[in-house]
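Me: I keep meeting words like "buried", "stacked" and "salt bridge". Could you show me how such labels are earned, using one example?

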Amino acid sequence: MDMRELTQLTDYAKSFTGLTAEKEAILLAAGPEIKPGLPEVTKRFYDRLQAIERTAPYIDGRLAALKATHKSWLEGLFSGPFDAAYTEAMYSVGSVHVKVGLPVEFMSGGMSLIGEELISLVDRVFNDDPKRIRELLKSINAVMGFSLLIMQQSYQSASLASELERFLAITGMSRALFDNLAGAYKS
């Protein structure tokens, strides 16, 4: 994707998920208090994934690297900025998930598990401030939805590209011929 496309996807994802400048500011303000608890969120997330039979093969032998990447991403949720560079990084995650054959439902399921852990963390850290908890949870929901939407867009594009490459290999058709045929049928 070029910068224009990344910026358009960023704006679209923000509008669709409600990630506003105000919510971004709430996330950044909570960062210093939330970040110390994120290693435990990552640990609990991967403990839960390892207990799911279908996810275990994707983790086996890679746990330390996955945990490091996950913790870094979680810290980014409370550091920002949520701009085209962040969109590009999340877009890459979706493509990688296709390359490793990760089922698409693992992304949304994983976000649910992470969200549950973040809710517990926010409640522990800000238990004396229900208004702050409510506003922070709305902001976390928005940034996680933003991230997931971008990863799913990428996953879909990468899946289609992979299927096209398989089709071309099976049929022996060249990419140029396919593009010419596809162009002939555009309305």
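Reply: Happy to help; the model shown here is predicted, and we can take its labels one at a time.

Me: Let's start with Glu24. Why is Glu24 counted as buried or exposed?

Reply: Buried means under 20% relative accessible area. Glu24 has 15% relative accessibility, so Glu24 counts as buried. This residue is found in helix α2. Leaving out residues up to four places away in sequence, Glu24 touches Lys14, Leu19 and Phe82.

Me: And what makes Met3 exposed?

Reply: The cut-off for exposed is over 50%. Met3, which lies in helix α1, has a relative accessible area of 53%, so Met3 is exposed.

Me: Now the rings. How many aromatic pairs does the structure hold?

Reply: There are five aromatic pairs. One of them joins Tyr12 and Phe16, with 5.7 Å from centre to centre and 35 degrees between the planes.

Me: Why is the pair of Tyr12 and Phe16 called tilted?

Reply: Ring centres must lie within 6.5 Å to pair, and planes under 30 degrees apart are stacked while those over 60 are edge-to-face. With 5.7 Å the rings pair, and 35 degrees fits neither of those two labels, so the pair is tilted. Both residues lie in helix α1, four residues apart, about one turn of the helix.

Me: How do Tyr12 and Phe16 rate for accessibility?

Reply: Tyr12 is at 39%, between the cut-offs of 20% and 50%, so Tyr12 counts as partly exposed. Phe16 has 58%, which is over 50%, so Phe16 is exposed.

Me: What makes the pair of Tyr86 and Phe146 stacked?

Reply: Their ring centres are 5.8 Å apart, within the 6.5 Å limit, and their planes are at 15 degrees, under 30, so this pair is stacked. The pair links distant parts of the chain, with Tyr86 in helix α6 and Phe146 in helix α8, 60 residues apart. Tyr86 and Phe146 are both buried, and together with Phe82 they form one aromatic cluster.

Me: On to charges. How do you know that Glu33 and Arg132 form a salt bridge?

Reply: A side-chain nitrogen of Lys or Arg has to be within 4 Å of a carboxyl oxygen of Asp or Glu. For Glu33 and Arg132 the N to O distance is 3.2 Å, so the pair is a salt bridge. Glu33 sits in helix α2 and Arg132 in helix α8, 99 residues apart. At 39% for Glu33 and 28% for Arg132, each counts as partly exposed.

Me: Why does the contact between Glu105 and Arg54 count as a salt bridge too?

Reply: The closest N and O atoms of Glu105 and Arg54 are 3.7 Å apart, which is within 4 Å, so the label holds. Glu105 is partly exposed at 40%, whereas Arg54 is exposed at 54%. In total the structure holds nine salt bridges.

Me: Last one: which residues touch the most other members of the largest nonpolar core?

Reply: Ile34, Phe78, Leu118 and Leu136 do, in a core of 40 residues. Helix α8 gives the largest share, 11 residues. Leaving aside neighbours within four places in sequence, Leu118 is in contact with Leu38, Val41, Leu74, Phe78, Ile140 and Met144. As a general pattern, nonpolar side chains tend to be buried together in soluble globular proteins.

Definitions and conventions
Residues are numbered from 1 along each chain as its sequence is written. This is a predicted model: local features need pLDDT of at least 70, side-chain atom pairs count only at pLDDT 80 or more; totals for chains, interfaces and linings use all residues. Side-chain values use heavy atoms; hydrogens and water are left out. A nonpolar core is a set of buried Ala, Val, Leu, Ile, Met, Phe, Trp, Tyr and Cys residues joined through side-chain atoms within 4.5 Å. Buried means under 20% relative accessible area, exposed over 50%, partly exposed in between (1.4 Å probe, protein chains only). Helices (H or I, at least four residues) and strands (E, at least two) are DSSP runs, numbered from the N terminus. Contact means heavy atoms within 4.5 Å. Rings of Phe, Tyr and Trp (its six-membered ring) pair if their centres lie within 6.5 Å; planes under 30 degrees apart count as stacked, over 60 as edge-to-face and the rest as tilted.
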